[in-house]
Amino acid sequence: MRAPTLATLAALALTGAIVVSACAGTSGSTGSGQSIDVVMDSFAFRPATLTLTAGERVTLRFKNVSTVEHEFMAGRQGVPGKGYTEDLLAVALRDQSGGHGMGGAAGIRVDAAKSASLTFRVPDSKGKYEFGCFVPGHYEAGMKGTLVIE
């Protein structure tokens, strides 16, 4: 399954499950938790490794600096063109929404030359995960990174 569109994620924001918005800025700590800037470029994420703390509230602020759409998904066992078999963001969003999942792959898509953000509570599942872009051909071209939950 494909990641939900920004319109779908925005609708979920009304239920309090997720916050999606256009934004710009720098990394840092906010009153609502940590904020991390993530640049989406031609088949790469910067930074290539994200380290999060279990249980913390985090906002990932995405800026797509390329000329094509990209997406961000996180988990284990990536399936090109589909997402992760073990979907970390789906778990995080289900936990926030009182057990009501999104009914498929969870992530965020960002149009070319646009910005967006994703806010969630980091699951308690410590360990190493992967994040990637599953727009056809991007994951296969190496658009992925490492997500560490401590």
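**Figure 1. Surroundings of A74 in strand β6 of a predicted model.** A74 is found in strand β6 (strands are DSSP runs of E of at least two residues, helices runs of H or I of at least four, both numbered from the N terminus). A74 is buried, with a relative accessible area of 1% (buried means under 20%, exposed over 50%, partly exposed in between; 1.4 Å probe, protein chains only). Not counting residues up to four places away in sequence, A74 touches Y84, E86, D87, L88, L89, E130, F131 and L147 (contact means heavy atoms within 4.5 Å). One of these partners, D87, is 13 residues from A74 in sequence, and their C-alpha atoms are 6.2 Å apart in space.

The model is predicted: local features need pLDDT of at least 70, side-chain atom pairs count only at pLDDT 80 or more, and totals for chains, interfaces and linings use all residues. Residues are numbered from 1 along each chain as its sequence is written, and side-chain values use heavy atoms, with hydrogens and water left out.

**Figure 2. The largest cavity and its lining.** Rolling a probe the size of a water molecule over the atoms shows where empty space is left. A cavity is a set of points, on a 1 Å grid over the protein atoms alone, where a 1.4 Å probe fits but cannot get out; lining residues have an atom within 4 Å of a point. Grid points are joined across faces, edges and corners, and a volume is the space filled by probe spheres set on the points. The count comes to one cavity of 30 Å³ or more, and the volume of the largest cavity is about 30 Å³. A74 belongs to its lining, together with L50, L52, L60, F72, L88, L89, F120 and L147. At least two lining residues come from each of β4 (49-52), β6 (70-79) and α2 (88-96). By class, the lining has nine nonpolar residues, no polar and no charged (Ala, Val, Leu, Ile, Met, Phe, Trp, Tyr, Cys and Pro count as nonpolar, Asp, Glu, Lys and Arg as charged, and the others, Gly among them, as polar).

**Figure 3. H138 and its side-chain partner H70.** H138 sits in the loop between β10 (127-132) and β11 (144-149). With a relative accessible area of 7%, H138 is buried. Its side chain makes a polar contact of 3.0 Å with the side chain of H70 (a pair of N or O atoms within 3.5 Å; within protein, one must be able to donate a hydrogen and the other to accept it, and residues adjacent in sequence count only if both atoms are side-chain atoms). Beyond neighbours within four places in sequence, H138 is in contact with F43, V68, E69, H70, C133 and M143.

**Figure 4. T59 and its side-chain partner T119.** T59 lies in strand β5 (residues 57-64) and is buried at a relative accessible area of 11%. A polar contact of 2.8 Å joins the side chains of T59 and T119. Leaving aside neighbours within four places in sequence, the contacts of T59 are Q34, S35, I36, S117, L118 and T119.

**Figure 5. V110 in strand β8.** Strand β8 (residues 108-110) contains V110, which counts as buried at 0% relative accessibility. Apart from residues up to four places away in sequence, V110 touches M40, F62, N64, E69, H70, S115 and A116. V110 and V65 are 45 residues apart along the chain, with 10.0 Å between their C-alpha atoms.

Methods
On a 1 Å grid over the protein atoms alone, a cavity is a set of points where a 1.4 Å probe fits but cannot get out, and a pocket is an open set with protein on both sides within 12 Å along at least five of seven lines; lining residues have an atom within 4 Å of a point.
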